[in-house]
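Here are some short exercises to try with the structure open in front of you. Read each task, have a go yourself, and then follow the solution step by step.

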Amino acid sequence: MYNSKAYAAASAASPLASTTVSRRDPAGHDVQIEILFCGICHSDLHQVRNEWSSLIPTVYPCVPGHEIVGRVTRVGSSVTGFKPGDLAAVGCLVDSDRTCPECQAGLEQFCPNLTLTYNFPDKHLGGVTYGGYSDSIVVDERFVLHVPSNLDLAGAAPLLCAGITTYSPMRHWGVTKGKKVGVVGLGGLGHMGVKFAHALGAHVVVFTTSPNKMDDALRLGADEVIVSRNAGEMQKHSGSFDFILDAVSAGHDINAYIQLLRRDGNLTLVGAPEIPLPVASFGLLFARRSLSGSLIGGIAETQEMLDFCSAHDITADVEVIPIQKVNEAFDRMLKADVKYRFSIDMASLKSE
Ligand code: NAP
Ligand code: ZN
């Protein structure tokens, strides 16, 4: 075991503060990574503040962070895919049982025995796993991704969650050229959704509550932008969408978006608000529309997404911050004041 510097919350009401956590020494198939950048996902805020207590109660201290890129520092004796000096990335998953039908299908995110990167039972050291707001992490190579060398590292970090979470449902639901695709909520996930839908050739419409994001939405790849508080504008698109990705972090009216789907259209929720979202069944009945959810993506698909980003020159638009600004960043995220992902420069942890 060795000590790793980190930022942790001591309780749901505490700010994140400097601490140290224990990491296992890399053995067998383990890869030790010096973390260079870690994105700030709204899920970090939900979990640090124990907003998902009914599903995954938060264990404190909580070290969040699942958008990790860095450099390999040491490898276990059985590692074949990585060597010291390689770029490497870790997302939301650090283990699964590898034998269940979901793992066999490459859908490790649905494995009943998965291990999430933080706030999940740690099979090696006991306690819970600690995430990427830290200078180092040790992960089995099967859950470590290769970072294409042409990607900016600060902007690549958010691909590990915001990227795969928006890429995966778009591939699953057949977003291609000629499809009309909506993206609801221009935050970290939403802005990646816009980039992917545009790169896949769709006609992209952004729904935002923030009129000041309209120009950015167009620059990011949207063909149209609608301020969702304007009911008249929404009505004009009634019954016209093939697919809508809803990436909103708080309670909102999803029925207004279901109405915009055409026959057999699908709305996929990736946002995970603390409160349930009421669904009016008639919106689904008429026109046989469907409502789904989607959770990150499997390991092979995450690598496919990174390679897609390499080929299409896609990274997140990031505001790079030192770790000392993480609490301010959380407050700004709650005000939808992020353009469009915070990425923590982990070199800032050295001074702690
Ligand atoms: P984020 O950067 O904070 O973006 C959320 C966006 O939602 C905001 O920028 C805002 O966009 C919109 N919004 C916020 N409050 C709203 C409200 N009251 N009404 C309407 N719109 C509102 O968050 P994120 O990191 O993208 O994450 C979004 C959600 O996805 C979170 O709940 C997160 O936990 C979840 N998530 C799920 C998965 C998964 O696997 N399914 C993975 C990662 C994250 P506008 O300003 O454009 O309106
Ligand atoms: Zn996330």
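**Exercise 1. Find where H237 sits along the chain, and decide whether H237 is buried or exposed.**

Step 1: Look between α7 (231-235) and β12 (241-246), where H237 is found in the loop. Helices (H or I, at least four residues) and strands (E, at least two) are DSSP runs, numbered from the N terminus.

Step 2: Check the relative accessible area of H237, which is 8%. H237 is therefore buried, as buried means under 20% relative accessible area, exposed over 50% and partly exposed in between (1.4 Å probe, protein chains only).

Step 3: List the contacts (heavy atoms within 4.5 Å). Setting aside neighbours within four places in sequence, H237 touches K180, E224, I226 and L260.

A note before you continue: this is a predicted model, in which local features need pLDDT of at least 70 and side-chain atom pairs count only at pLDDT 80 or more, while totals for chains, interfaces and linings use all residues. Residues are numbered from 1 along each chain as its sequence is written, chains are lettered from A and ligands numbered from 1 in the order in which they are written, and side-chain values use heavy atoms, with hydrogens and water left out.

**Exercise 2. Work out which residues are the protein donors of the zinc ion (ligand 2).**

Step 1: Search for donors, meaning N, O and S atoms within 2.8 Å of the metal (3.2 Å for Na, K and Ca); water is not among the atoms, so sites may look incomplete. You should find C41 (SG), H66 (NE2) and C161 (SG), at 2.0 to 2.2 Å from the zinc ion.

Step 2: Write the spacing of these donors along the chain: C-x24-H-x94-C. H66, in the loop between α1 (42-48) and β4 (68-75), and C161, in the loop between α3 (153-156) and α4 (162-172), are 95 residues apart and link distant parts of the chain.

Step 3: Look at the accessibility of this pair. H66 is buried at 7%, and C161 is buried at 5%.

**Exercise 3. Describe the salt bridges of K83 and D242.**

Step 1: Recall the idea. Side chains of opposite charge can pair when their charged atoms come close. A salt bridge here is a side-chain nitrogen of Lys or Arg within 4 Å of a carboxyl oxygen of Asp or Glu, and the whole structure has 21 of them.

Step 2: Start with K83, whose partner is D86, with the closest N and O atoms 2.9 Å apart. K83 is exposed at 51%, whereas D86 is buried at 16%.

Step 3: Turn to D242, which pairs with R262 at 2.5 Å, N to O. This pair links distant parts of the chain, with D242 in strand β12 and R262 in strand β13 (residues 261-269), 20 residues apart. D242 is buried at 16%, while R262 is partly exposed at 33%.

Step 4: Look for a network of salt bridges too: K195, D216, R219, D317 and K339 are linked in one.

**Exercise 4. State how the chain is divided into domains and how far apart their C-alpha centres lie.**

Step 1: Mark domain 1 (2-161 + 297-351) and domain 2 (166-293). These bounds come from an automatic or database domain assignment.

Step 2: Read off the separation of the C-alpha centres, 27 Å. The contact between the domains takes 20 residues from domain 1 and 22 residues from domain 2.
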